[in-house]
Amino acid sequence: MYLLRDALPGSPRGATNVNPTRAVRLLVCGSADRGDDGAALSAVAGLLAGLPPHLLSVMEVRRCEQLDLEDLLDLPDTTACVIADAVIGLPVGQIVTIPLSELPDRDAAALPIPRSSHVLPIGQLVAIAQVMRDRPLEGSFVGIGGRSFGFGRALGRPVRAALPAYRCAIEAALINAAATAEQRTL
Amino acid sequence: MHVTPEIDAAGDPRPSGPRPGIDHDFNVAYITRVEGEGSLRLRVRDGGVVEARLSIFEAPRYFEQLVIGRTPDEVIDIVSRICGICPVAYQMSAVHGFEDLFEIEVDPEIRALRRLLYCGEWIQSHALHIYLLHAPDFLGYPSAIAMAADHKPIVAQGLAIKKVGNQILSTLGGRAIHPISVRVGGFSKVPTAAALAPLREALDGAVDAAMETVRMVAGFEVPEYHREPNLVSLVHPTEYPYNHGRIVSSDGVDLPVDRWDDAFEEIQVEGTNALQARTHDGGVYLLGPAARLTLSPGTLHPLAAEALAETGLGDVIRTNIYWSIAARAIELLHACAEARDIIDGYHRPAEPRVKWTARPGRAAWATEAPRGLLFHRYELDDRGRIAGAQIVPPTSQNQAAIEADLAAFAPSVLDLPHEEATLRLEQLIRSYDPCISCATHFLDLRVERPT
């Protein structure tokens with residue numbers, strides 16, 4: 001079995017040349033070869049070609065198998081961020097959009113939030129990034145509930161069925177993020 | 001340590017509830033700042049520990065079955081997925097085992113590049129654990145978030161070091177997590193010297209920052225504790241152990257790197273989804289930075305050896321697991337300094353890998369993951385495909401030592417307020433930098449946060 005590759009650019013972790021002109025960074029998490037973990041990759045791969053040109057022109061897309069603090073720390077001040085990932089803790093196929101600024105509080109309060117297998121929970125990553133940057137992160141987390149994360153598996157049927165709605169949710173989050181970023185630069 | 005329900009002198013079970021002021025129960029349903037899902041249960045009756053259990057409830061992952069029928073190069077890609085923090089270790093134990101069976105001699109520069117890749121993994125893993133997972137315990141914070149608010153420069157320093165480790169993995173492995181370049185016989189592609197030049201520059205800063213790290217952690221206040229563990233690690237006569245050496249223990253084991261199972265075995269233990277490991281006679285042993293530093297002090301990079309000597313912690317690192325953070329910092333410095341040396345001496349090999357022919361037989365090898373010895377054994381059939389596999393990660397080997405330390409340490413915290421005592425016990429577990437996901441090779445993650 002060979003690892004699936006996708007057309008999205010990889011995360012330039014460790015690189016120092018960050019494009020400062022993009023108003024929105026889309027972080028696409030997950031692995032294409034681990035069942036429902038590839039939901040965000042599939043959704044974004046089918047989404048990009050249909051996005052309005054003005055939105056595409058202000059977007060930076062990064063594929064990050066596991067979300068890393070560096071992906072948030074090197075965000076330019078005027079850039080908003082959308083994180084897309086499959087999660088557990090939600091009914092399979094259910095979609096949730098959570099403002100990034102709310103994730104740390106949900107984590108701290110142990111409210112039912114999407115759990116993911118990142119080295120640090122996403123709420124902690126966002127919280128540390130906000131502390132290190134001295135400002136809140138603008139943008140949102142768009143998750144889809146998954147069930148099967150087995151290595152070598154394809155997307156499960158419920159997640160495949162929810163992909164159109166998931167694309168819409170990501171697009172809406174991108175439009176909101178772009179609007180937020182535009183307001184900040186005015 | 002698992003003890004059956006205690007029996008009083010008359011042979012009757014004692015009341016199950018703790019008696020105030022005499023008995024103590026410590027329960028941590030969800031251990032934080034470790035990788036994976038686990039819990040702690042400790043019961044003390046009449047001042048004695050009757051149960052010390054680190055339960056691993058993360059679901060099994062079945063990787064040993066997933067590789068059945070696969071080719072060696074496929075196995076390398078698959079086993080790297082066991083862990084997002086130490087994928088290189090899984091690749092290295094597998095690739096060396098196959099190369100040993102196929103009698104492949106790799107170019108010395110390939111060997112050096114593999115050490116460089118391992119340096120990158122140690123750098124990112126050790127920096128993550130020291131700064132984001134473990135330091136909050138010593139600086140009095142409940143989390144890295146709270147610590148970052150007051151100690152931003154410290155967190156920034158840790159992140160800067162970790163970033164260099166990620167850079168090394170990206171440059172050599174194609175990506176920072178789950179690298180994809182390691183192949184039987186070498187690499188799919190090797191870098192030019194020019195491609196390594198930015199790493200060389202970054203490593204200058206990382207070496208300085210790692211020295212700062214050693215000084216910082218050496219100043220931490222650490223709980224008093226003493227236990228003489230049986231230590232196990234690879235030992236090599238001329239190099240600090242990553243990929244080569246012999247399996248050596250402080251109580252006299254000295255085995256070829258492919259014969260782990262001559263002295264050790266895995267056992268099933270109730271209440272945990274991870275197999276544990278013991279010596280054949282049931283003995284508990286300790287892996288990881290403290291074991292490596294103690295068994296291989298002579299092969300540390302001179303900068304790391306000097307830093308260790310300056311701390312004066314050489315002896316207590318061996319006997320007080322809380323000082324593992326210092327051992328980890330010394331190894332962080334070693335990895336940064338050795339990575340820099342490797343790049344300085346690098347000459348690109350003519351070919352990225354040598355040709356090979358598979359053969360049936362037993363492929364086995366152990367390497368040193370950041371958390372300790374990682375053993376792989378594969379049986380290959382006549383087609384050169386995997387017919388059987390055994391993967392023994394360091395956390396499942398350390399699990400019994402963690403429980404032994406919990407049992408030994410607990411009596412010393414019984415006079416503390418319950419919350420503080422519980423925190424000390426959690427801190428002890430974090431001293432091992434356990435990677436619970438590795439220990440279970442989990443396949444489906446179905447754990448949900450309690451509402």
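How many of the residues of strand E5 (residues 139-145) of chain A are buried? Before selecting anything, keep in mind that the structure on screen is a predicted model.

**First stop: strand E5 of chain A**

Select residues 139-145 of chain A, and you have strand E5(A), which is mostly covered, with 7 of its 7 residues buried. Now show the side chains and look along the strand: A:Gly139, A:Phe141, A:Gly143 and A:Gly145 point one way, whereas A:Ser140, A:Val142 and A:Ile144 point the other way, and all are buried. In a regular strand the side chains alternate between the two faces of the sheet.

**Second stop: the partners of E5(A)**

Keep E5(A) on screen and add residues 80-87 of chain A, which make up strand E3 and pair with E5(A) in the parallel sense over 7 bridges. To find one place in this pairing, pick A:Ala84, whose bridge partner in E5(A) is A:Val142. Next add strand E4 (residues 95-99) of chain A, which is joined to E5(A) by 5 bridges and runs antiparallel to it. Here A:Pro99 is a useful residue to label, as its bridge partner in E5(A) is A:Ser140.

**Third stop: a helix pair in chain B**

Move to chain B and select helix H3 (residues 87-101) together with helix H4 (residues 108-139), which pack at an angle of about 150 degrees with their axes 9 Å apart. Since angles over 145 degrees count as roughly antiparallel, that angle makes H3(B) roughly antiparallel to H4(B). The crossing in which H3(B) passes H4(B) is left-handed. To see the contact itself, display B:Val88, B:Ala89 and B:Met92 from H3(B), then B:Arg114, B:Leu117, B:Tyr118 and B:Glu121 from H4(B). Colouring the residues of this contact by character gives 5 nonpolar, no polar and 2 charged.

**Last stop: an open sheet in chain B**

Which strands form the open sheet of chain B, and in what order? Select E6, E7 and E8 of chain B, and you will find 3 strands in the order E6-E7-E8, with antiparallel pairing. Strand E6 (232-235) and strand E8 (254-256) stand at the edges with a single partner strand each, so one side of each is left without a neighbour in the sheet. Neighbouring strands of this sheet are turned by 30 degrees against each other on average, direction ignored. Finally, zoom in on E6(B) and strand E7 (residues 246-249) of chain B, which run antiparallel and are joined by 4 bridges; label B:Val235, and its bridge partner in E7(B) is B:Arg246.

Definitions and conventions
Residues numbered from 1 in each chain as written. Chains lettered and ligands numbered in written order. Predicted model: local features only at pLDDT ≥ 70, side-chain atom pairs only at ≥ 80, totals over all residues. Axes fitted to C-alpha atoms, helices over the stretch in contact; angles between N-to-C directions. Helix = DSSP H or I, 4+ residues; strand = E, 2+ residues; numbered from the N terminus. Parallel < 35°, antiparallel > 145°, perpendicular 65-115°, else oblique. Left-handed = near helix turned anticlockwise from the far one by under 90°. Contact = placed C-beta atoms within 7 Å. Nonpolar A, V, L, I, M, F, W, Y, C, P; charged D, E, K, R; others polar. Buried ≥ 20, exposed ≤ 12 C-beta atoms within 10 Å, placed from the backbone. Pairing = 2+ DSSP bridges.
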